[in-house]
Amino acid sequence: MRYGKQTRPAVATDRELVSTVLELVWKRRQISRAEIARQTGRSRSTISEVVGQLLKTGPVAEVGSGESRGGRRPILVGFQDDAGVILGVDIGATHISVILTDLRGNVLAWRERPHPVRRDPKGADALITGLGEACLHEWNGDRDRLMGIGVAVPSPVDPESPDVVLDRILPAWRGHGILDRLRSVFDAPVFVDNDANLGAVAEHWWGEAVGIDDFVYLKVATGVGAGLMLGGEIYRGSTGVAGEIGHIAIDPNGPQCVCGNRGCLATFVGTRHLVERVRELLPEHPRSILAGTDPDIGMIEDAALADDALALRVVNEAAVHLGTVIAGVLNLMNPGSVIIGGSLARAGDRLLTPLREAVASRTLVASAAASEIRASELGERATALGAATHVLVAALANPRLFPGVKTA
């Protein structure tokens, strides 16, 4: 599935043409039939027929007159952002978040709760449906306008078996799927993808990577994953597991990882390690604002932002480890940008400054200079927003997902 620019065949099928026109109306917000004909290279009569089809549905409507170029003022057609709503679900290792958006990515409702996701899939199911119902209740609109549900999971996803998560990452989820339950509860199609991939989608549509077709999104949280956007689309690899950057070993004698290997990047920069590292170093920093506390990642970030020496030391160590792996990615792929998301991104320049220094010392000059490293601005809602955007992308590519759209 493409998330950015794509090349259409010179002669599109009816379904492809409807999709092309719908995407164009979405991007332009308001556009005349004549301009659509010019943009697509199709005849005005053909475009009028396609627009007529779309006008019978919710997402497209006539919205007034445009400027005249010497004749009658053209009638504009516009995309109706409130024609449908989408639920986006972020299943983290220790939390569940649910977002409700319109068809322009505007947030209509948001819920988040901590949960031991790794060991309690049934409880996670119940919480997902409960938070989804709460979001829909807050919105208080017509539930028939729910177009679909996007789900982000902290595991590689095989496009051929999207309901199956990797046993090594989530062993308690073996044989436990979520698609059928969500479909039955909400009576809507469900789309599943890896959380880092969907973080990249969110950045590409709404965040730091708008207009950038080649970049790496790095999610640093309980685990570490990468969403690789190449040529405007997610790169998944031959079996759908590309981007598992957290399981690159940087120390073969390092700590045991959940994947079974030792010294993976995630064991040095994941949330659990950072908290353990703070506790280990506390005796050396008795005046730290973290002394006498039971620290969590939020407290560590707050302390780093307050220039606490202990917190800065831990964040700096994480930056060096991240820089080692990111340098390898830059030398291999030379992406246009690297975007850091997840919980650690809130540390901002306290993370980015030592990270950039670590990368610069390990990369070829050309690749380092061409790739900008920055923090996500989407915050804690990024992954859930990406999950909702996953559904929007699917609907724009396949207009039959919109209620009432009929294509050949």
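**Close-up 1. A network of salt bridges links Arg-277, Glu-280, Glu-284, Arg-313 and Glu-317.** The model shown here is predicted. Two salt bridges of Glu-317 are described in this legend. One joins Glu-317 to Arg-277, with the closest N and O atoms 2.8 Å apart. That pair links distant parts of the chain. Arg-277 sits in helix α8 (residues 271–281), Glu-317 in helix α10 (residues 309–333), and 40 residues separate them. Another salt bridge joins Glu-317 to Arg-313, where the closest N and O atoms are 3.7 Å apart. Here both partners belong to helix α10. They are four residues apart, so about one helical turn lies between them. How buried or exposed are the three residues? Arg-277 is buried, at 16% relative accessible area. Glu-317 is partly exposed, at 22%. Arg-313 is also partly exposed, at 30%.

**Close-up 2. Lys-219 and Asp-195 form a salt bridge.** The model has 20 salt bridges by the rule used here. In this one, the side chains meet at 3.4 Å, N to O. Which elements does the pair tie together? Lys-219 belongs to strand β9 (residues 215–220). Asp-195 belongs to helix α6 (residues 195–206). The two residues are 24 apart in sequence, so the salt bridge ties together separate parts of the chain. Lys-219 has a relative accessibility of 10% and counts as buried. Asp-195 counts as buried too, at 10%. The cut-off for buried is under 20%.

**Close-up 3. Helix α4 packs its buried residues against strands and a helix.** Helix α4 covers residues 121–139, which makes 19 residues. From first C-alpha to last, the helix reaches 27 Å. That is close to the 27 Å expected at 1.5 Å a residue. Which residues of α4 are buried? Among them are Pro-121, Gly-123, Ala-124 and Asp-125. Leu-127, Ile-128, Thr-129, Leu-131 and Gly-132 are also buried. So too are Cys-135, Leu-136 and Trp-139. What do these buried residues pack against? Their partners include the strands β4 (85–91), β5 (95–101), β6 (107–114) and β7 (146–153). Helix α5 (179–186) is another partner. Just after α4 comes Asn-140, with a positive phi of about 60°.

**Close-up 4. Helices α1 and α13 pack at an angle of about 130°.** Helix α1 spans residues 14–28 and helix α13 residues 382–397. Their axes lie 8 Å apart. The angle makes α1 oblique to α13. Which residues meet? On the α1 side they are Ser-19, Leu-22, Glu-23 and Trp-26. On the α13 side they are Leu-392, Ala-395, Leu-396 and Ala-397. By class, the contact has six nonpolar residues, one polar and one charged.

**Close-up 5. Asp-187 and Asp-307 take positive phi values.** Neither residue is a glycine. Asp-187 has a phi of about 50°. Where does Asp-187 lie? Its place is the loop between α5 and β8 (190–194). With a relative accessible area of 69%, Asp-187 is exposed. The cut-off for exposed is over 50%. For Asp-307, phi is near 65°. Asp-307 lies in the loop between α9 (297–305) and α10. With a relative accessible area of 47%, Asp-307 is partly exposed.

**Close-up 6. Glu-67 lies in the loop between β2 and β3.** Strand β2 covers residues 60–65, and strand β3 covers 75–79. Is Glu-67 buried or exposed? At 72% relative accessibility, Glu-67 counts as exposed. Ser-32 is 35 residues away from Glu-67 along the chain. In space, the C-alpha atoms of Glu-67 and Ser-32 are separated by 9.9 Å.

**Close-up 7. Gly-177 lies in the loop between β7 and α5.** Gly-177 is partly exposed, with a relative accessible area of 30%. How far apart are Gly-177 and Ala-304? In sequence, 127 residues separate them. In space, the distance is 39 Å, C-alpha to C-alpha.

Key
Residues numbered from 1 in each chain as written. Predicted model: local features only at pLDDT ≥ 70, side-chain atom pairs only at ≥ 80, totals over all residues. Heavy atoms only, no water. Salt bridge = Lys/Arg side-chain N within 4 Å of Asp/Glu carboxyl O. Buried < 20%, exposed > 50% of the residue type's maximum accessible area, 1.4 Å probe, protein only. Expected span 1.5 Å × (residues − 1). Contact = heavy atoms within 4.5 Å. Axes fitted to C-alpha atoms, helices over the stretch in contact; angles between N-to-C directions. Parallel < 35°, antiparallel > 145°, perpendicular 65-115°, else oblique. Nonpolar A, V, L, I, M, F, W, Y, C, P; charged D, E, K, R; others polar.
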